[in-house]
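Work through the exercises below with the sequence and the model open. Try each task before reading its solution.

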Amino acid sequence: EGTEGLSGKLINYGETLGELETTTLMGSCFIGWKNEEGEFVTEYDKVTAIDGSQTLTAVFEKYDETLKEIHTPFSIATSYYDAQATKYGVTWHTSAQPINPVLLAVEGDSFDFANAKSYEVDTFNWMMTHDGDEWICSGVIDGLKFDTTYSVKFGDYSVNAWSDVYTFTTREENPETAKFIYL
């Protein structure tokens, strides 16, 4: 489960496995990979089979439902990221270090994110509060079309902690006039 999109890897006898991909499963934390004998393997393990293939299985641990609250986004800010309005930036805060932060976007006014595009998210520890650390997550949706509505949601995939769904519409390709609102 959760290993869609991972590909096979060809390794010669005696070589190490090299970097192993991680994978995700909603509501769970990725622990590692196990071989067919049920042993955890690492990138440093050497391949000792002379012939054939080995299947690795992703191992996950379910997260406690109470983790949702501290990983749910708050203090959300959005803005166009470039003059052409083909990129849209999203920044949010969480009360705990993000496990698997994700920014999702889908074309149209939709609550269906099954085929959404996922965007990379940067995180950093922002400040210490009386309740503990506060983290910032930031991502950019790029390749947007002009005069098109998009729906976005973001949060921590591993603990199934999400923002509300937000929609925005990009500007016309050649607008006649520009209006600005400064808050």
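**Exercise 1: Strand β5 and its neighbours**

Task: Find the residue in β5 that stands opposite T78, then place β5 among its partner strands.

Solution.
1. T78 faces V90 of β5. Keep in mind that the model is predicted.
2. Take the side of strand β4 (residues 74-80). β4 and β5 run antiparallel and are joined by five bridges.
3. Turn to strand β9 (residues 132-141). Seven bridges tie β9 to β5, again in an antiparallel arrangement.
4. Check one pair in that second set: G89 has V140 in β9 as its bridge partner.
5. Now look at burial. Six of the seven residues of β5 are buried, so the strand is mostly covered.

**Exercise 2: The setting of H93**

Task: Decide whether H93 is buried or exposed, and list what surrounds H93.

Solution.
1. Locate the residue. H93 lies in strand β5, which spans residues 88-94.
2. Apply the cut-off. Buried means under 20% relative accessible area. H93 has 10% relative accessibility and therefore counts as buried.
3. Collect the contacts, leaving out residues up to four places away in sequence. H93 touches T72, P73, F74, S75, W126, E134, W135 and I136.
4. Single out the polar contact. The side chains of H93 and E134 are joined at 2.8 Å.

**Exercise 3: A nonpolar patch**

Task: Which residues make the nonpolar surface patch of about 300 Å², and how is M127 classed?

Solution.
1. The patch is made by F124, W126 and M127.
2. M127 sits in strand β8 (residues 121-129).
3. M127 has 32% relative accessibility, so M127 counts as partly exposed.
4. Link back to the previous exercise: W126, part of the patch, is also among the residues that H93 touches.

**Exercise 4: The chain as a whole**

Task: Describe the make-up of the chain, its contacts and its surface.

Solution.
1. Count the elements. There are one helix and 12 strands.
2. Order the elements along the sequence: β-β-β-α-β-β-β-β-β-β-β-β-β.
3. Assess burial. The chain has 183 residues, and 32% of them count as buried.
4. Consider contacts between residues at least 6 apart in sequence. Of these, 58% join residues at least 24 apart.
5. Finish with the surface. The accessible area is about 12,400 Å², and carbon and sulfur atoms account for 48% of this surface.

Conventions: Residues are numbered from 1 along each chain as its sequence is written. This is a predicted model: local features need pLDDT of at least 70, side-chain atom pairs count only at pLDDT 80 or more; totals for chains, interfaces and linings use all residues. Side-chain values use heavy atoms; hydrogens and water are left out. Helices (H or I, at least four residues) and strands (E, at least two) are DSSP runs, numbered from the N terminus. Buried means under 20% relative accessible area, exposed over 50%, partly exposed in between (1.4 Å probe, protein chains only). Contact means heavy atoms within 4.5 Å. Accessible areas come from the Shrake-Rupley method with a 1.4 Å probe; for residues, only the protein chains shown count as cover. Patches are made of residues with over 30% relative accessible area and no salt bridge: like charges are joined within 9 Å, nonpolar side chains (Val, Leu, Ile, Met, Phe, Trp, Tyr) within 5 Å. A salt bridge is a side-chain nitrogen of Lys or Arg within 4 Å of a carboxyl oxygen of Asp or Glu. A polar contact is a pair of N or O atoms within 3.5 Å; within protein, one must be able to donate a hydrogen and the other to accept it, and residues adjacent in sequence count only if both atoms are side-chain atoms. Two strands pair if DSSP finds at least two bridges between them.
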